[in-house]
Amino acid sequence: MHIDTAQFLAELGDWAWNRHGNVLSWYVRPLFLIPLAWFAHRRSGWGITGTLVALATSMFWFPAPAEPDPRVQAFLEFEKAWLTGDWNSQKILMSLLAPLSLAAYCLAFWRRSSMWGLVILNLMVGGKLLWGVVAGDGTGWAMTAPALAGLLLCDAVLVRVLQRLRAHREDQVREPAEASPSSSADSSGSAALLTSTSRTST
């Protein structure tokens, strides 16, 4: 049986795009930035790859809405028109911002530069919102609630985890320092005992 590859890909794209209209995917996608930061901090290549695959495919995890939100549909139509329109050097450069931002985000946590990671996270979300509102003639306001909710949750979780990691490192540094005086005292006591024993023997 002959399969028209172009038609199949077009139908697959329409299927995925219709499911992307379910706003649940809009709320879920930002949350993948939390495990992405964790795996980058742990320097797990497999973890980073798996999370990026989940992030990319989550747009069609949920069924297409029975009654699409008109604001969501307007923004998706703008995105689809932008992606399927003519491509020039400016559009190519703009399309590279997303993967480059994710790479910078992973690199920041990979190098344990957590504050830079948080800065990049907020810039990514803010930049996507700004692009949707400005380039999309206001249609980008439809993703404000999902984007800000995801950003606040990501910021809260990452800040909390970073605080716990910092406290753990400080405890590790403090424990040897606290154990040092007792060790010195034990050494002094042993030396004094040996001296006393030596004098008694003499």
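## A half-open isoleucine

Ile 92 is partly exposed, because its relative accessible area of 41% lies between the 20% limit for buried and the 50% limit for exposed. Keep in mind as you look around that this is a predicted model. Ile 92 sits in helix H6, which covers residues 89-110.

## The greasy patch on the surface

Ile 92 also belongs to a nonpolar surface patch of about 590 Å². Its partners there are Leu 83, Trp 87, Leu 93, Leu 96 and Leu 100. Which helix gives the most to this patch? That is H6, with four residues.

## Inside the core

Now for the interior. The largest nonpolar core has 32 residues, and those touching the most other members are Trp 26, Leu 33, Phe 75, Tyr 105, Leu 121 and Leu 158. At least two core residues come from each of helix H3 (33-41), helix H5 (70-84), H6, H7 and helix H8 (144-201). H7 supplies the largest share, seven residues.

Tyr 105 is a good residue to click on. Leaving aside residues up to four places away in sequence, Tyr 105 touches Leu 33, Leu 36, Ala 37, Gly 117, Ile 120, Leu 121, Met 124 and Leu 158.

## A closer look at H7

Helix H7 runs over residues 114-134, 21 residues in total. At 1.5 Å a residue H7 should span 30 Å, and its end C-alpha atoms are 30 Å apart, so the two values agree.

Many names in H7 will look familiar from the Tyr 105 contacts: Gly 117, Ile 120, Leu 121 and Met 124 are buried. Other buried residues of H7 include Ser 114, Leu 118, Val 125, Leu 129 and Trp 131.

Key. Residues are numbered from 1 along each chain as its sequence is written. This is a predicted model: local features need pLDDT of at least 70, side-chain atom pairs count only at pLDDT 80 or more; totals for chains, interfaces and linings use all residues. Side-chain values use heavy atoms; hydrogens and water are left out. Patches are made of residues with over 30% relative accessible area and no salt bridge: like charges are joined within 9 Å, nonpolar side chains (Val, Leu, Ile, Met, Phe, Trp, Tyr) within 5 Å. Accessible areas come from the Shrake-Rupley method with a 1.4 Å probe; for residues, only the protein chains shown count as cover. A salt bridge is a side-chain nitrogen of Lys or Arg within 4 Å of a carboxyl oxygen of Asp or Glu. Buried means under 20% relative accessible area, exposed over 50%, partly exposed in between (1.4 Å probe, protein chains only). The expected span of a helix is 1.5 Å times one less than its number of residues. A nonpolar core is a set of buried Ala, Val, Leu, Ile, Met, Phe, Trp, Tyr and Cys residues joined through side-chain atoms within 4.5 Å. Contact means heavy atoms within 4.5 Å.
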